[in-house]
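Please look over the sequence and the model shown here before reading on. The briefing that follows goes from the whole chain to its helices and then to single residues.

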Amino acid sequence: LLLALPGIFGVGVTSILSQYLAAKGFPWILVVVWTVVAVVQGALTTRLIPTYGADGAMLSLSASYLLLMVLVISLTLYVRRKHG
């Protein structure tokens with residue numbers, strides 16, 4: 001459970017910022033961000049689960065969700081600067 005907490009935080013922040021982005025017109029690049037994170041998630045799980053089991057699954061989820069949070073924060077800052 002402790003390994004999942006960073007990912008839970010990342011999903012929470014991402015959810016809030018995604019609502020903001022949806023209100024600003026849902027930029028298409030958000031779909032690309034989610035696709036990239038899904039690919040990263042798949043790659044991490046295939047590497048970590050066989051070695052670490054459930055801990056590997058939680059680590060891969062947390063890493064992916066934190067990456068998603070960073071990318072969505074970057075996109076939000078870009079959209080905010082663009083729209084003023």
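**Briefing on the predicted model**

The accessible surface of the chain comes to about 5,400 Å², and carbon and sulfur atoms account for 73% of that area. The coordinates behind this value are a predicted model, and every value below is to be read with that in mind.

**Overall architecture**

- The chain has 3 helices and 0 strands, and reading along the sequence gives the pattern α-α-α.
- Taken along the principal axes, the box filled by the C-alpha atoms of the chain is roughly 45 × 20 × 15 Å.
- Of the 84 residues in the chain, 29% are buried.
- Among the contacts in the chain with a separation of 6 or more, 76% are accounted for by residues that lie 24 or more positions apart.

**Packing of α2 and α3**

- Helix α2 covers residues 29-52 and helix α3 covers residues 54-83, and the axes of these two helices come within 8 Å and cross at roughly 160°.
- Because angles over 145 degrees count as roughly antiparallel, α2 is roughly antiparallel to α3.
- The crossing in which α2 passes α3 is right-handed, and the residues in the contact of α2 with α3 divide by class into 20 nonpolar, 5 polar and 1 charged.

**Packing of α1 and α3**

- The axes of α1 and α3 also come within 8 Å, and they cross at roughly 25°.
- Since angles under 35 degrees count as roughly parallel, α1 and α3 are roughly parallel to each other.
- The crossing of α1 and α3 is left-handed, and on the α1 side the residues that make the contact include Phe9, Gly10, Val13, Thr14, Leu17, Tyr20 and Leu21.
- On the α3 side, the residues that make this contact include Tyr65, Leu66, Met69, Val72, Ile73, Thr76 and Arg80.
- By class, the residues in the contact of α1 with α3 are 15 nonpolar, 5 polar and 1 charged.

**Met69 and Thr76 in α3**

- Met69 is found in helix α3, and this residue counts as buried because its relative accessibility is 13%, where the cut-off for buried is under 20%.
- Leaving aside neighbours within four places in sequence, Met69 is in contact with Phe9, Gly10, Val13 and Thr14, and these four residues are listed on the α1 side of the contact between α1 and α3.
- One of these partners, Thr14, is 55 residues from Met69 along the chain, and the C-alpha atoms of the two residues are separated by 5.2 Å.
- Thr76 also lies in helix α3, and a relative accessibility of 8% is why Thr76 counts as buried.
- With neighbours within four places in sequence left aside, Thr76 is in contact with Leu17, Tyr20 and Leu21, which are likewise listed among the α1 residues of the contact between α1 and α3.

**Ser18 in α1**

- Ser18 is found in helix α1, which covers residues 5-23.
- With a relative accessible area of 16%, Ser18 is buried.
- Ser18 and Ala54 are 36 residues apart along the chain, and their C-alpha atoms are separated by 28 Å.

Technical notes: Residues are numbered from 1 along each chain as its sequence is written. This is a predicted model: local features need pLDDT of at least 70, side-chain atom pairs count only at pLDDT 80 or more; totals for chains, interfaces and linings use all residues. Side-chain values use heavy atoms; hydrogens and water are left out. Axes are lines fitted to C-alpha atoms, for helices over the stretch in contact, and angles run from 0 to 180 degrees between N-to-C directions. Angles under 35 degrees count as roughly parallel, over 145 as roughly antiparallel, 65 to 115 as roughly perpendicular and the rest as oblique. A crossing is left-handed if the near helix is turned anticlockwise from the far one by less than a right angle, and right-handed if clockwise. Ala, Val, Leu, Ile, Met, Phe, Trp, Tyr, Cys and Pro count as nonpolar, Asp, Glu, Lys and Arg as charged, and the others, Gly among them, as polar. Buried means under 20% relative accessible area, exposed over 50%, partly exposed in between (1.4 Å probe, protein chains only). Contact means heavy atoms within 4.5 Å. Accessible areas come from the Shrake-Rupley method with a 1.4 Å probe; for residues, only the protein chains shown count as cover.
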